[in-house]
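User: Please take a close look at a single part of this model, one helix and what surrounds it, and explain how that part is joined to the rest of the chain.

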Amino acid sequence: MNENEVVPTGFANDDQTALDVLANLSARYVSVIHGAHSGQHPVADQTVGAVRATFAGPYNIPTDAVARIQGGVQVDDNYVLRPNKSLEFVKLEGVKG
């Protein structure tokens, strides 16, 4: 290598470009919703229970809220989330608290 030669460097390493890194990150995002709180978070491949524990405080999720994935399907805390889906925590009608 001579002194004028430019050594290429990748964003994360020599095998990845910035676009590759961003694509990998976006593949991990899930929409998390509870009432007025919502956001896209990199929680794909985590369980509903782990997400519930993480967002219980910031999203004010009650312990008895029901978890539903995209399409309104109710799931338990052991369900593993998939990328680019949504997870909503809801209180059943007629339940105060």
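Analyst: What follows is about helix 2 and its surroundings. The model is predicted, with local features needing pLDDT of at least 70 and side-chain atom pairs counting only at pLDDT 80 or more, while totals for chains, interfaces and linings use all residues. Residues are numbered from 1 along each chain as its sequence is written, and side-chain values use heavy atoms, with hydrogens and water left out.

The chain has two helices and five strands (DSSP runs of H or I with at least four residues, and of E with at least two, numbered from the N terminus), arranged along the sequence as α-β-β-α-β-β-β. Helix 2 spans residues 48-55, and its buried residues (under 20% relative accessible area, 1.4 Å probe, protein chains only) are V48, V51, R52 and F55. These residues lie on the same side of helix 2, because they cover an arc of only 105° around the axis, taken from the directions from the helix axis to the C-beta atoms. An α-helix has 3.6 residues a turn, so residues three or four places apart point the same way. The cover over the buried residues of helix 2 includes strand 1 (30-34), strand 2 (37-41), strand 3 (66-69), strand 4 (73-75) and strand 5 (86-90), where contact means heavy atoms within 4.5 Å.

R52, buried at 13% relative accessibility, forms a salt bridge with D77 at 3.1 Å, N to O (a side-chain nitrogen of Lys or Arg within 4 Å of a carboxyl oxygen of Asp or Glu). This pair links distant parts of the chain, since D77 sits in the loop between strand 4 and strand 5, 25 residues apart from R52 in helix 2. D77 itself is partly exposed, at 33% relative accessible area (partly exposed being between 20% and 50%).
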